[in-house]
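Okay, thanks for coming, everyone. I'd like to walk you through one model today, helix packing and salt bridges mostly. Have a look at the picture and then we'll get going.

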Amino acid sequence: MTRSPNLNAPIAQSIRRLRSTTGLSLEALAKRADVSKSMISKIERGETSPTANTLGRLAEALDVSLSQLMGLQEKREVVVLRESEQPVFRSIDGSFQRRCLSPIFPARGVDVVLNTLAAKSRSDLAVGHKTGVDEHLYVTSGKLRIHLGNSAYELAAGDSIYYQADIAHEFENPGDDDATFFIVIDSSALRK
């Protein structure tokens, strides 16, 4: 089994760098992201692993994609990401895994992620992205219930759904087997 890279150090470096280049203090970023100043400080020092929700809030506050926040940026026309090089986020309890499949480019407007959600479990509630960000989700195996605001949608293997991702969303697996699903996060409208 291939080990995934430890994300604490790259995330810490990325947040520090982005905060510095945008001229945001810890306090300003905390206010913008609605994340405590002490939590951001611990993340920047690599002392804690942020939740998916916290990563989403920080990415939005820093005006970058989640993939950009989680990885190192490379500038090449062809990028091969070996499995061992793909950033992977795992929830604290291990029931949810998000693997970034996209190369990390500064001005990239599309990110592709592969998600696995254990049977009878839920992801953390993800904060809404900025207006203009769309998500396309495709279920490759298992069952998935996606909560978008106050609505829920039942999906099975082979089903897909498109939604404007500026509302809170959460994934739930009501089935007896793991659910795997791809999400294409399209923020290209924001880059125009």
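One bit of vocabulary before the tour: a residue is buried under 20% relative accessible area, exposed over 50%, and partly exposed in between. And keep in mind that this is a predicted model.

So, Asp34. Buried or exposed, by that cut-off? Its relative accessibility is 59%, so Asp34 counts as exposed. Asp34 makes a salt bridge to Arg57, and the closest N and O atoms there are 3.5 Å apart. What I like about this pair is where the two ends sit. Asp34 is in the loop between H2 and helix H3, which covers 37–44, while Arg57 is in helix H4, so the pair links distant parts of the chain, 23 residues apart. Arg57 has a relative accessible area of 25%, so that end is partly exposed.

Now, Arg57 takes us straight to the helix packing. Helix H2, residues 26–33, packs on helix H4, residues 52–62, with the axes 8 Å apart and an angle of about 110 degrees. The two helices, H2 and H4, are therefore roughly perpendicular to each other, and the crossing is right-handed. Who is in the contact? From H2 you get Leu29, Arg32 and Ala33, and they meet Arg57, Leu58, Ala61 and Leu62 of H4. By class, the residues in this contact of H2 with H4 are 5 nonpolar and 2 charged, with no polar ones. So Arg57 turns up in the salt bridge with Asp34 and also in the contact between H2 and H4.

H2 has another partner, H3. Here the axes come within 9 Å and cross at roughly 110 degrees. That makes H2 roughly perpendicular to H3, and this crossing is right-handed. On the H2 side we have Leu26, Glu27, Leu29 and Ala30, meeting Lys37, Ile40, Ser41 and Glu44 on the H3 side. The contact of H2 with H3 breaks down into 4 nonpolar, 1 polar and 3 charged residues. Leu29, if you're following along on the picture, faces H4 in one list and H3 in the other.

Back to salt bridges. How many are there in the model? The count comes to 9. One of them joins Glu47 and Arg45, with the closest N and O atoms 2.9 Å apart. Arg45 is partly exposed, because its relative accessibility is 48%.

Another one is Glu172 with Arg145, where the closest N and O atoms are 3.0 Å apart. Glu172 is in strand S9, residues 169–173, and Arg145 is in strand S6, residues 143–148, so this bridge ties together parts that are 27 residues apart in sequence. Glu172 is buried, at 14% relative accessible area. And this pair has company: salt bridges with shared partners join Arg122, Arg145, Glu154, Glu170 and Glu172 into one network.

Last stop, just past S6. Asn150 is in the loop between S6 and strand S7, which runs 151–156. Asn150 is exposed, with a relative accessible area of 85%. How far is its C-alpha atom from the C-alpha of Ala168? They are separated by 9.2 Å, with the two positions 18 residues apart along the chain, counting from one to the other.

That's my tour. Questions, anyone?

Technical notes. Residues numbered from 1 in each chain as written. Predicted model: local features only at pLDDT ≥ 70, side-chain atom pairs only at ≥ 80, totals over all residues. Heavy atoms only, no water. Axes fitted to C-alpha atoms, helices over the stretch in contact; angles between N-to-C directions. Helix = DSSP H or I, 4+ residues; strand = E, 2+ residues; numbered from the N terminus. Parallel < 35°, antiparallel > 145°, perpendicular 65-115°, else oblique. Left-handed = near helix turned anticlockwise from the far one by under 90°. Contact = heavy atoms within 4.5 Å. Nonpolar A, V, L, I, M, F, W, Y, C, P; charged D, E, K, R; others polar. Salt bridge = Lys/Arg side-chain N within 4 Å of Asp/Glu carboxyl O. Buried < 20%, exposed > 50% of the residue type's maximum accessible area, 1.4 Å probe, protein only.
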